[in-house]
Amino acid sequence: MEWDPDLPVSERCGVLFQQTTLLDELTVAGNLAAALDAVGYPANEREAKIKQLLELVGLSYHGDAGKRPTELSGGMGRRASLALQLAQKKHVIFLDEPFAGLDFEVAVSIAQELVHLRKTQGTAFVLISHEYELAEKVLDAGCDGNIICKLEEPAQPKHEEQRGMSNLYFGTTFLDRFWTKLLDYFFWSLPLILLAFMACSLAIAMLSSDTLQRIDVTKPVLDIVDKEIRPMIKMLTGEDASPLHLIGVRMKVSSMLNRTIPPAKSSLYAIGMAKLFVLEIGPLLTALLLCGRIGGSYAGKVATMQATSQTKLLKTLGISPQAWSLYPAACAAIIAGPLLTSMGTVVALYCGSLMGPIYGVGTTSDYWEKVRTATFPEFRLRGFIDGSEGISSLGLGEYFLSTHSTSYYDAWIEIVTYPPIYHIVKAVVFMIIILGVAETSARTRSNITPRTVPSVITQSVVIAGLLVILTDWWFSQLWLKRK
């Protein structure tokens, strides 16, 4: 078959899908208006055309035009979808199981509307259906050109019977859902985390190295020496300082500065990078990225379950929705979060080891030594210092006391703010916040529809990000309590 070249492409073929297919964010009238606008229908005639289209498929303009797709019954949804195709004067419409999931009476009324359209509009239908009795009603005797093609059910190959049997029950256990989430959260987030840490580290390392390299304290120190040394020499010797004396002093001070300033810059750079990424940027950057990657993903899943009544189904079956989705996701996130944070931090510190020597700030070996010392300082608990008498001699209570205090609060601060522990605790707390906000945003909202799922995701990501930032400030205050 060849199309008339004068017939616009937009008027040739349309499809009526098995399920109601309308734009969620628009009303029924809005959907029809969008279809009409797409083919350049005059705006001043649009309302009258929409009324005509709705009446043509058996819907009411005043009663149905303002409804959202989620407010339509199955039959009304099919009628509205059909009107959407007619809005663009489709000459041929493919009907993919138009009666599936409909009550018999509703299906009959849809069939009658199709016959009406064939007679009044001359629309041709390619009808695909397993329900021959209903299909026959569309093949009205008053319509010409009926062609029937019956297809036999193809024989199923023997190997098809075995396909997928091994995964038939996958996902029914907690461990199935946990491993699925862990792989999703970790492996799909890993490239994002590593690249973000690499970019952040290179920027900070280059800026820090360049700044340290440009700092020159020699001249200010020598100026101070010239200003202060003259009175001192006169006070000690009773004579004015000679130029030779001043030159000797300046040379000695310059030599001392040249020996002490470069190592000091190297130490400052390495310790700064370690503390910055281990204590602050590492957990915070990971959490902010995962607000969308994990929090948004989980919020979208739960919101979709709410919108499709899956949550109600779980409750009906006596299954806790939280046990089904939250607990495996939370366990996976609590593992994935610290792992991603630590791996990103290692990459960031490695990038720092490359940039420092390039800018002349220390050596790689010195850098890693300072990073190790800053990341793993002495654990200042009485049972962990060298030469301690052991738990049997000190007793359990004293074993975990701080070396500088007899307060258990100070001991708790020492443990929580020990850099590796602090690093992991922050990552875990941030993951709990992200999943908690996502669960609350999606699960506690009633009457969620597919149209509102994106807003749930947005709300979850924004609120979780704000709470993560506030919690990070609280952790900073906690760190300042470390003695």
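The charged end of R177 is placed over the ring of W324, at 3.9 Å from the ring centre. This contact belongs to a predicted model, and the values below are computed from that model. A second arrangement of this kind involves K51, which lies over the face of Y61 at 5.1 Å from the centre of the ring.

Aromatic rings also meet one another in this structure. A pair of aromatic rings is described by the distance of the centres and the angle of the planes. With rings counted as paired when their centres lie within 6.5 Å, the model contains 12 aromatic pairs. One of these joins W474 and F475, whose centres are 5.2 Å apart and whose planes stand at 75 degrees to each other. The pair is classed as edge-to-face because planes over 60 degrees apart fall in that class. How exposed or buried are the two partners? W474 has a relative accessible area of 42% and is therefore partly exposed, whereas F475 has a relative accessibility of 2% and so counts as buried. Both residues belong to one aromatic cluster, in which they are joined by Y422, F430 and W479.

The next feature is an enclosed space. The structure holds one cavity of 30 Å³ or more, and the volume of the largest cavity is about 40 Å³. Which residues line this cavity? The lining consists of R380, H404, D410, I413, E414, K481, R482 and K483. By class, six of these residues are charged, one is polar and one is nonpolar. The nonpolar member is I413 and the polar member is H404, because Ile counts as nonpolar, while His is among neither the nonpolar nor the charged residues.

Among the open pockets, the second largest has a volume of about 330 Å³. Its lining is made up of 13 residues, and those nearest the centre of the pocket are Q19, T20, P69, T70 and L72. The lining of this second largest pocket comprises seven polar, four nonpolar and two charged residues. Of the residues nearest the centre, P69 and L72 are nonpolar, because Pro and Leu both count in that class.

The last stop is S266, a residue of helix α11, which covers residues 243-307. Is S266 buried or exposed? With a relative accessibility of 7%, S266 counts as buried, because the limit for that class is under 20%. When residues up to four places away in sequence are left out, S266 touches V361, G362 and D366.

Key. Residues are numbered from 1 along each chain as its sequence is written. This is a predicted model: local features need pLDDT of at least 70, side-chain atom pairs count only at pLDDT 80 or more; totals for chains, interfaces and linings use all residues. Side-chain values use heavy atoms; hydrogens and water are left out. Rings of Phe, Tyr and Trp (its six-membered ring) pair if their centres lie within 6.5 Å; planes under 30 degrees apart count as stacked, over 60 as edge-to-face and the rest as tilted. Buried means under 20% relative accessible area, exposed over 50%, partly exposed in between (1.4 Å probe, protein chains only). A charge sits over a ring if NZ of Lys or CZ of Arg is within 6 Å of the ring centre and within 35 degrees of the ring normal. On a 1 Å grid over the protein atoms alone, a cavity is a set of points where a 1.4 Å probe fits but cannot get out, and a pocket is an open set with protein on both sides within 12 Å along at least five of seven lines; lining residues have an atom within 4 Å of a point. Grid points are joined across faces, edges and corners, and a volume is the space filled by probe spheres set on the points. Helices (H or I, at least four residues) and strands (E, at least two) are DSSP runs, numbered from the N terminus. Contact means heavy atoms within 4.5 Å.
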